[in-house]
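Please look through the structure shown here with attention to how its side chains meet. The walk below begins with ring pairs and then turns to other side chains.

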Amino acid sequence: MRKVELAIVGAGPAGLCAAISAASMGSTVLIIDRSEAIGGQLIKQTHMFFGSEKQYASTRGIDIPKILLDELSKYEDKIEIMTDATVLGIYEDKVMTILQGENYFKVSPSAIIVATGASEKVLAFPNNDLPGIYGAGAVQTLMNVYGVKPGDKVIMVGAGNIGLIVSYQLIQAQVEVVAVLDAAPSIGGYLVHAQKLTRLGVPIYTSHSIKEAQGTDFLERIVAWKLDENWNGIAGTEIEFDVDVCCLSVGLTPLSELLSQVGCQMKYVPELSGAVPLINKNQETTVDKIFVAGDVSGVEEASSAMVEGYIAGLQAAKKLGYTHKDFDQLMSDYRNQLNDLRSGHHGERIRTGVEKIIIEGESC
């Protein structure tokens, strides 16, 4: 069994930033990711980021992994990245079991940062398993990673930022977006994204959802209908859309199973999109030396995930006995960045959710 100082599960924005912070403190780091490519969700995001310069505002998501990897290269003697490797379990003694190809082995870290991100939610409706019905992340992967056009005519379900952004990317790929549906009575994403679509003639139907999908061997038609104030479909309001692709952008849910397994106290928090761990202000869970960063502790934007990663990396290295001459200044700056990212109307939901999981004190 291999022993390491700090293991980070996930090489997305949160995990990479955590590794940079921890290595800058002096800790050795093993990053483990189940994919072959480094960057998590960033590798499929061609849109420019919001936020500030510190979170790479006006930089395309696909370009950010290289920036972070260049930063990691400054600590190449301290950081190892293990790709195509799945962490199958984390046990009470912090031993991790890993499958890489056909090799099964164990790693025993002194501290762990879980940055596993989130998975796409699905929507239940008749025939939702027809070929041609995808999650928004799958559509982004097809287009932006593999250069594959998912279809010719698409209906998007979900008017949050992801749904609106992917709709625009589909149009850029010469795919017709016939409509955007959203069950909520108002558009959830930034209006700047919605306005791009409406200027291009794409209708956005709020208080609407899918009644059923139709087709024999593949998707041929989506039947939508209007929802009442109790989110029930209203008979007689059906609209038919002839499409070969239905893209579902109905939210994400934290991939927190490893945290449950290792014994972290969990709580279902709707504002954070699922079951998330209780944490202290240092991103540490109720299990000593197990930290979290990014969507696994509450679904937000990638900008927030990066900042949480920096915090978790510093705090994990500190728990391992390392120091940094600018530690207090860095922590103050990262906390201010998080506060700024969660400010305003759009951050109200996240602020409410975070209040439900924070445990006071330096240690949980």
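In this predicted model, two aromatic pairs are present in the structure. One of them joins Y205 and F241, whose ring centres are 5.9 Å apart and whose planes stand at 70°, so the arrangement is edge-to-face, the class that applies when planes are over 60 degrees apart. This pair links distant parts of the chain, since Y205 belongs to strand β11 (residues 204–206) while F241 belongs to strand β14 (residues 239–242), 36 residues apart. The two partners can also be described by their accessibility: Y205 has a relative accessibility of 26% and therefore counts as partly exposed, whereas F241, at 8%, counts as buried, because the limit for that class is under 20%.

Another pair is formed by Y310 and Y334, and here the ring centres are 5.1 Å apart with the planes at 10°, so the pair is stacked, as planes under 30 degrees apart are counted. Y310 lies in helix α7 and Y334 in helix α8 (residues 327–341), so the pair ties together parts of the chain that are 24 residues apart in sequence. Both Y310 and Y334 are buried.

Helix α7, which spans residues 302–319, also holds S303. With a relative accessible area of 6%, S303 is buried, and its C-alpha atom is separated by 9.4 Å from that of Q337, although the two residues are 34 positions apart along the chain.

Q283 offers a view from a loop, namely the one between β18 (274–277) and β19 (290–292). Despite this loop position, Q283 counts as buried, at 6% relative accessibility. Leaving aside residues up to four places away in sequence, Q283 touches I290, F291, V292 and A293, together with S297, E308, I311 and A312.

An aromatic ring also takes part in a contact of another kind: the charged end of K196 sits over the ring of Y168, at 4.8 Å from the ring centre.

The cysteines remain to be considered. How many disulfides does a search of the whole structure find? The search finds zero. For C247, the closest cysteine sulfur is that of C246, and the separation of 7.5 Å is too far for a bond, because a disulfide requires the two sulfur atoms to be within 2.5 Å. C247 is nevertheless buried, with a relative accessible area of 0%, and C17 is likewise buried, with a relative accessible area of 0%.

Methods
Residues numbered from 1 in each chain as written. Predicted model: local features only at pLDDT ≥ 70, side-chain atom pairs only at ≥ 80, totals over all residues. Heavy atoms only, no water. Buried < 20%, exposed > 50% of the residue type's maximum accessible area, 1.4 Å probe, protein only. Helix = DSSP H or I, 4+ residues; strand = E, 2+ residues; numbered from the N terminus. Contact = heavy atoms within 4.5 Å. Phe/Tyr/Trp six-rings, centres within 6.5 Å; stacked < 30°, edge-to-face > 60°. Lys NZ or Arg CZ within 6 Å of the ring centre and 35° of its normal.
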